[in-house]
Amino acid sequence: MPQIPFPNGFSQIENLPKSRESLVNCFNNGQGFIISRPGIDALATVSGVARGQFVWNGSLYQVSSENLIKITNTTTGANSTIGTIAGNEIIQTAIGFNTAVIVVKGGAIYTLDKSDTLVTISGNSNFEPCDAVTHIDGRFVYIPTDGANPAFFSDIGAAGTVQVLSFFDAEELPDQNETTFNLRNTLYIGGTDSFELFRDTGASPVPFQRLTGARIDYGFIGGLVPYSDTYVFIGRAKDQNFGIYAINQGKADKISNEAIDAILKTHSLEALSNAIPNRFKWRGYDIITFSISTESFGFFNGSWFILNKSIDGIETPWDGGFINQFDGEYYSASVNRIGKLSNSNTEYGETIPRVIDIPFQQPENEWFSAQSVSLNISQGFNTGAATVGMALSRNNVEYGEWLFRDLGALGQYDNHLEWNYPGGLGSYNGFMGLRFYTTQNVEFDANGLYANFRG
């Protein structure tokens with residue numbers, strides 16, 4: 001039997017459906033194996049809606065509506081309320097040596113010290129509402145909500161103290177400042193059309209000096225997330241379409257493909273600016289994810305995959321929410337819940353549909369018949385009845401009926417998953433689309449797909 005390669009991920013050329021390949025709630029590990037994404041176990045429910053989560057001073061914190069809570073037991077999700085964070089916008093945080101700063105987008109700004117004292121610093125001298133904050137060389141750098149105003153910075157070790165001369169202009173180009181981050185001790189300030197880079201020279205009164213010739217001519221929109229040894233963001237070249245980019249040695253490399261770009265362009269600028277990005281390692285694989293209004297997807301090893309869940313047969317974006325690593329595990333703040341990434345095949349009790357969509361083009365584009373198909377998938381690890389369905393297509397748009405096969409029960413490691421019927425699986429004019437699907441409690445890791453074709 002010839003082997004059919006698994007898809008690398010989710011991709012498609014517009015108006016060419018036979019080019020579409022897809023992985024849903026699973027990803028290609030770069031060695032040709034399909035790996036399931038994690039589930040999420042519910043630990044506790046809380047009052048309010050998640051606005052962010054962060055790790056500080058050896059503890060895990062979460063902002064739910066206006067409550068800042070400290071999770072005191074990561075096994076049960078037990079928590080206590082520390083104070084109040086006004087507003088309903090997503091928060092941004094920066095961690096210093098002695099203080100954490102919490103910025104409400106366009107709203108209040110707070111410090112949290114090691115004794116869990118929460119202080120509002122919004123009314124301090126020289127402060128104004130901000131959208132972003134970062135920490136570098138002992139100072140906190142703030143980006144005002146009014147992007148036309150210059151960035152400002154705190155005194156060293158004093159997040160709430162800003163001098164009257166502690167402002168600097170990041171506008172070599174006349175665009176508005178949107179975000180900031182610290183990469184390898186270089187300060188980046190991202191605007192609507194460009195990123196500019198600064199180094200701490202120790203000068204007074206403004207230590208941050210622009211690096212000449214280091215401007216990156218791509219604008220920031222949202223979804224800023226560290227990945228590998230860089231940062232990834234949703235942005236665009238001036239007056240161009242949306243894309244997802246990675247900062248790389250004085251430039252931005254586009255990592256989104258046409259299929260992801262097609263999703264991005266269906267969303268408003270506001271929706272993209274409020275995208276929730278995450279990064280986590282799952283079974284050793286370094287993954288980033290984006291949740292944008294009605295869509296969610298992940299990225300690994302240069303390829304994309306779709307993330308969703310199923311509620312009463314209706315597929316909706318995943319509820320990853322805000323994810324952080326703490327004590328070697330990954331925890332999620334989503335809606336009114338505290339969760340934990342796990343080997344579960346459910347997400348907060350909801351079904352996770354797993355799909356592999358494979359376009360097979362016969363090399364000579366000639367008629368062929370399919371006699372049988374065999375999928376090498378995890379066997380012997382399922383505690384109950386479990387099936388995987390296959391449907392076939394001649395155009396990658398319309399599919400035939402589902403053909404379900406049983407997986408081996410617990411301990412039946414040698415079982416073989418094969419679709420082999422009298423009369424075969426039909427004839428095809430140079431192309432066959434294969435779709436594999438399950439919503440059951442299935443270990444959906446796979447390492448091979450084989451087919452018996454006849455010309």
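This passage walks through a predicted model, going from the whole protein to a few of its strands and one buried residue.

Taken as a whole, the protein is built mostly around strands on paper: the tally comes to two helices and 44 strands. Its radius of gyration is 25 Å, close to the 23 Å that the globule rule gives for 455 residues, so the protein is as compact as a globular protein of that length. Along the principal axes, the C-alpha atoms fill a box of roughly 85 × 50 × 30 Å. Of the 455 residues, 53% count as buried. As for contacts with a separation of 6 or more, 57% of them come from residues 24 or more positions apart.

The outside can be summed up briefly too. About 19400 Å² of the protein is exposed, with carbon and sulfur atoms supplying 45% of that area. There are 28 positive and 46 negative charges, and the mean positions of the two sets lie 3 Å apart.

Next comes strand E11, which covers residues 99–104. Six of its six residues are buried, so E11 is largely enclosed by the rest of the structure. In a regular strand, side chains alternate between the two faces of the sheet. Both faces of E11 turn out to be covered: Thr99, Val101 and Val103 are buried on one side, and Ala100, Ile102 and Val104 are buried on the other.

E11 also has a partner before it and another after it in the chain. Strand E10 (residues 91–95) runs antiparallel to E11 and is joined to it by five bridges. In that pairing, isoleucine 91 has valine 104 as its bridge partner. The two strands make a hairpin, with three residues between them. Strand E12 (residues 109–113) is likewise joined to E11 by five bridges, again running antiparallel. Here valine 101 stands opposite threonine 111, while alanine 100 has leucine 112 as its bridge partner. E11 and E12 form a hairpin as well, this one with four residues between the strands. In its turn sits glycine 106, with a positive phi of about 75 degrees.

The pattern carries on from E12. Four of the five residues of E12 are buried, so this strand is also largely enclosed by the rest of the structure. E12 pairs with strand E13 (residues 118–120) in the antiparallel sense, over three bridges, and tyrosine 110 stands opposite threonine 120. These two strands form a hairpin with four residues between them, and aspartate 116 in the turn has a positive phi of about 65 degrees.

A little further along, four strands make an open sheet in the order E14-E15-E16-E17, with antiparallel pairing. Its edge strands are E14 (130–136) and E17 (167–168), each of which pairs on one side only. Inside the sheet, E15 (residues 139–144) and E16 (residues 151–153) run antiparallel and are joined by two bridges. Valine 141 stands opposite phenylalanine 153 in E16.

Last up is phenylalanine 10, found in the segment before strand E1 (11–13). Its relative accessibility is 13%, under the 20% cut-off, so phenylalanine 10 counts as buried. Leaving out residues up to four places away in sequence, phenylalanine 10 touches a set of residues that includes Glu21, Ser22 and Leu23, along with Asn257, Ile260, Trp304 and Phe305. Phenylalanine 27 is 17 residues away from phenylalanine 10 in sequence, and their C-alpha atoms are 9.1 Å apart in space.

Conventions
Residues are numbered from 1 along each chain as its sequence is written. This is a predicted model: local features need pLDDT of at least 70, side-chain atom pairs count only at pLDDT 80 or more; totals for chains, interfaces and linings use all residues. Side-chain values use heavy atoms; hydrogens and water are left out. Two strands pair if DSSP finds at least two bridges between them. The radius of gyration is taken over C-alpha atoms; the globule rule is 2.2 Å times the number of residues to the power 0.38. Buried means under 20% relative accessible area, exposed over 50%, partly exposed in between (1.4 Å probe, protein chains only). Contact means heavy atoms within 4.5 Å. Accessible areas come from the Shrake-Rupley method with a 1.4 Å probe; for residues, only the protein chains shown count as cover. Lys and Arg count as positive and Asp and Glu as negative; His and the chain ends are not counted. The place of a charge is taken as NZ of Lys, CZ of Arg, CG of Asp or CD of Glu.
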